[in-house]
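Please examine the structure shown below, keeping the sequence at hand. The paragraphs that follow lead through its strands, its interior and its surface.

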Amino acid sequence: MDKIYTCWKISNWFYRNKMRPIAALGRFVIRVVFSADIPYNLTIGKGTHFPHCALGSLFHPDTVIGNNCHILHGVTCGGRGGHNGLPVIGNNVWIGAHAIILGDVKIGNNAIIGAGAVVLSDVDANAVVAGNPAKFIKWNTECNWGG
């Protein structure tokens, strides 16, 4: 099982069972050991995988991540100044290294976000996007990283 997902799952359990100081300790351990900010109250679906232990990644606590996602290192998901809402990532989404997803953005199921992409608007299901700002590249016809 994925180290980050396991650490988050333990911290999240303490959070859901009203033991927030212990949950906060788990978040601290993730920050120190893995140099990643994975809040204990973040929503992460089953089977999500963080290769490279999410090194340098940062997630807003109210971001939602679906099932069986594959999230590489250096990914940032959070809010946008002057805009309401936070990212909601669908199932079986692959997010490349150092991608940035900001604001009230919906990422559809089976989408691929290219490395270094800056996503500021919704991404359709099965779409492949890349660039700054992220633009549609092609349709994803094969999802082979999810569970």
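Strand 12 (residues 127-130) and strand 13 run antiparallel and are joined by four bridges. Helices and strands here are DSSP runs numbered from the N terminus, helices being H or I with at least four residues and strands E with at least two; two strands pair if DSSP finds at least two bridges between them. The model is a predicted one, in which local features need pLDDT of at least 70 and side-chain atom pairs count only at pLDDT 80 or more, while totals for chains, interfaces and linings use all residues. Residues are numbered from 1 along each chain as its sequence is written, and side-chain values use heavy atoms, with hydrogens and water left out.

Within this antiparallel pair, Ala 127 has Trp 139 of strand 13 as its bridge partner, and Val 128 stands opposite Lys 138. The two strands form a hairpin with four residues between them, and Gly 131 in the turn has a positive phi of about 105°. Pro 133 also has its place in the loop between strand 12 and strand 13, and the peptide bond leading to Pro 133 from Asn 132 is cis, with omega near 0°. Most residues other than glycine have a negative phi, and most peptide bonds are trans.

Is strand 13 largely in the open or largely buried? Strand 13 (residues 135-139) lies largely in the open, because the number of buried residues among its five is zero. Buried means under 20% relative accessible area, exposed means over 50%, and partly exposed lies in between, with a 1.4 Å probe and protein chains only.

The hairpin belongs to an open sheet of five strands in the order 4-7-10-12-13, with mixed pairing. Strand 4 (70-71) and strand 13 are the edge strands, each pairing on one side only. Another open sheet has four strands in the order 1-3-6-9, and its pairing is parallel. Its edges are strand 1 and strand 9, each of which pairs on one side only. Strand 6 (residues 88-89) pairs with strand 9 in the parallel sense over two bridges, and Val 88 stands opposite Lys 106 in strand 9. Strands of a sheet pair through backbone hydrogen bonds, either parallel or antiparallel.

Two loops hold residues with a positive phi that are not glycine. Ala 54, in the loop between strand 1 (43-44) and strand 2 (58-59), has a positive phi of about 55°. Ala 54 counts as buried, at 0% relative accessibility. Asn 110 is found in the loop between strand 9 (106-107) and strand 10 (112-113), and its phi is near 65°.

The interior comes next. A nonpolar core is a set of buried Ala, Val, Leu, Ile, Met, Phe, Trp, Tyr and Cys residues joined through side-chain atoms within 4.5 Å. The largest such core has 31 residues, of which Ile 38, Phe 59, Ile 89, Ile 95, Ile 107 and Ile 113 touch the most other members. Helix 1, helix 2 and strand 12 each supply at least two residues of this core, and helix 1 gives the most, with three residues. In soluble globular proteins, nonpolar side chains tend to be buried together.

Helix 1 also contains an aromatic pair. The structure holds five aromatic pairs, defined by rings of Phe, Tyr and Trp (its six-membered ring) whose centres lie within 6.5 Å; planes under 30 degrees apart count as stacked, over 60 as edge-to-face and the rest as tilted. One of the pairs, Tyr 5 and Trp 8, is tilted, at 5.6 Å centre to centre with 45° between the planes. Because Tyr 5 and Trp 8 are three residues apart in helix 1 (residues 3-16), about one helical turn separates them. Both Tyr 5 and Trp 8 are buried.

Charged side chains form three salt bridges, each a side-chain nitrogen of Lys or Arg within 4 Å of a carboxyl oxygen of Asp or Glu. Asp 37 and Arg 27 meet in one of them (2.8 Å, N to O). Asp 37 lies in the loop between helix 2 and strand 1 and Arg 27 in helix 2, so the pair ties together parts that are 10 residues apart in sequence. Asp 37 is buried, at 9% relative accessibility, whereas Arg 27 is partly exposed, at 22%. Arg 27, Arg 31 and Asp 37 are linked in a network of salt bridges.
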